[in-house]
Amino acid sequence: MADKTIFGRTIAGDFGYHQPSYMEIVTSIEGTTGIAMVVLMLIAFLLASRPSRRNPGSLPPLVRQMAGFNAFWYSHHLFIVVYVLLIVHSMFLFLAKDVSEKTTWVYVVIPVMIYLGERMFRMVRSMAYESKILDAMTYPGKVLSLKMTKPAGFRYQSGVYVFVQCPQVSKFEWHPFSLTSAPDDDHLSIHIRSLGDWSYHVYDMFHEALRCSNLDLPKVSIDGPYGAASQDHSKYEIILLIGLGIGATPFISVLKDIANGLDKEGCAANHHSANGLRKAYFYWVTREQGSFEWFRDIMKEVSARDSKQGVIEMYNYLTSVYQEGDKRSVLISAIQALHFARHGIDIISKTPVRTHFSRPNWPRVFHGLARKHIGERIGVFYCGPDDLGRQLERLCHKMNMRTFTRFVFHKEHF
């Protein structure tokens, strides 16, 4: 506390000539609102941490009950209470007596208006885009595929995403998912992997409805489209698409879009897609064999349409099997090669795309592309965990310094 003499000569008048104690300051309106704001922001911060948001099972039992994505989502809306407390806090500042000095509301009102405007715009647009479920399927790994009607006037580019709401699970939550349909398709499709509270509930509802042959499927609303890094693929004549697990979803839309373009008049003659693309390389890395079922029909369709032009090269990698050449995978490699030679279908993925084992040797992949496309510009698009994204970005910079081929890196992670 300040010396009483100094207090009396300086700010005593602002406090009615009564020097408040430490507890009086803490329990004042200014003190309680400030402490409350710190506590609320601390709660939001802790519930936004990766263990709480993505892996609540790793937390102690007592804490686990209060964690999860829903807890993260709802806790972040405590900012509304924080903003109210901030205004109250600013109105009772100790040394500010003139209203002109209490200007905190000026800095709050603009972001609040922008937020409210965005929420209202999303609500109106989601009501305008009525989408009916045409088909639903569940796959290994708790993945749900939804095929929906395409709303009138809904236009988008491949690689973008939409926000999805399921009112029967929550009337307030909207979650982003990449479209796996192509812009020329007469429908919209998404693939949802169960990675959190909301997606688990949605998967369970649809799984139960399909199991009981219930024709009355849960309803979903969509809002979008919203741009993503993957939509910039149209800026390049050569692209490298890298998806890890469910991170392949934006590139499925891109591949379907390219395949649709190959059917257009004149593509077969010049070996270009309709948007000027000359070559697309797609690397899909997944841990479980069952993951190949997610996009099996689409990859078969893309392979069939590209069989003559050779614009698209696709590679599957299964990381749960030892690297090719290892003694522990020799037998399965021999069976795989024999079956592929006889039937043209990979025995692992059950598609025309050959499955490789272990993880790709990314430096070898990039060096091979640099030798094949000397002096050209290659768009590299990645979707998956951030760790590999940083490694690939560093590799692109290294290749740009050491070769004449320029790799331009784009990423989105989940």
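**Exercise 1. State how many helices and strands the chain has, and how much of it is buried.**

Solution. The chain of this predicted model has 15 helices and 12 strands. Next, consider burial: of the 414 residues, 44% count as buried. Finally, consider the contacts between residues at least 6 apart in sequence: 71% of these join residues at least 24 apart.

**Exercise 2. Determine which strands pair with E11, and in which sense.**

Solution. Step one is to locate the strand: E11 spans residues 377-383, and 6 of its 7 residues are buried. Step two takes one partner: E7, residues 238-244, pairs with E11 in the parallel sense over 6 bridges. Within this pairing, Gly243 has Cys383 of E11 as its bridge partner. Step three takes another partner: strand E12, residues 406-412, runs parallel to E11 and is joined to it by 7 bridges. Here Val380 has its bridge partner in E12, namely Phe409. Step four follows the chain itself: from E11 it passes through helix H15, residues 386-402, to reach E12, and this β-α-β crossover is right-handed.

**Exercise 3. Describe the largest nonpolar core and the surroundings of Phe282.**

Solution. Begin with the count: the largest nonpolar core has 33 residues, and Ile239 and Phe282 are those with the most contacts inside it. Then identify the contributors: E7, helix H10 (249-262), strand E8 (279-286), helix H12 (296-305), strand E9 (312-318) and E11 each give two or more residues to this core. The largest share, 7 residues, comes from H10. Now turn to Phe282. Leaving aside residues up to four places away in sequence, Phe282 touches Leu241, Ala248, Phe251, Leu255, Met299, Glu313, Met314 and Tyr315. A second, separate core of 25 residues includes Phe154, Tyr156, Val164 and Leu217.

**Exercise 4. Explain why the buried residues of helix H14 lie on the same side of it.**

Solution. First list the residues: in H14, residues 362-372, the buried ones are Trp362, Val365, Phe366, Leu369 and Ala370. Because they cover an arc of only 135° around the axis, they lie on the same side of H14. The general rule behind such a pattern is that an α-helix has 3.6 residues a turn, so residues three or four places apart point the same way. Next examine the face turned away from the buried side: this face carries the exposed residues Arg364 and Arg371. Last, ask what covers the buried residues of H14; the cover includes E7, E8, E11, H15 and E12.

**Exercise 5. Classify His187 and Thr104 as buried, partly exposed or exposed, and give their contacts.**

Solution. Take His187, which lies in strand E5, residues 187-193. His187 has a relative accessible area of 12% and is therefore buried, since the cut-off for burial is under 20%. The side chains of His187 and Asp186 are joined by a polar contact of 3.2 Å. Not counting residues up to four places away in sequence, His187 touches Leu134, Lys147, Met148, Lys150, Tyr156, Ser181 and Lys256.

Now take Thr104, which lies in helix H8, residues 104-128. With a relative accessible area of 23%, Thr104 is partly exposed, because this class lies between the 20% and 50% cut-offs. Thr104 touches Leu86 and Ser90, again not counting residues up to four places away in sequence. As for His89, this residue and Thr104 are 15 residues apart in sequence and 9.3 Å apart in space, C-alpha to C-alpha.

Methods: Residues numbered from 1 in each chain as written. Predicted model: local features only at pLDDT ≥ 70, side-chain atom pairs only at ≥ 80, totals over all residues. Heavy atoms only, no water. Buried < 20%, exposed > 50% of the residue type's maximum accessible area, 1.4 Å probe, protein only. Helix = DSSP H or I, 4+ residues; strand = E, 2+ residues; numbered from the N terminus. Pairing = 2+ DSSP bridges. Right-handed = clockwise from strand over helix to strand, strands pointing away. Core = buried A, V, L, I, M, F, W, Y, C linked by side-chain atoms within 4.5 Å. Contact = heavy atoms within 4.5 Å. Polar contact = N/O pair within 3.5 Å; in protein donor to acceptor, adjacent residues only side chain to side chain. Arc of directions from axis to C-beta.
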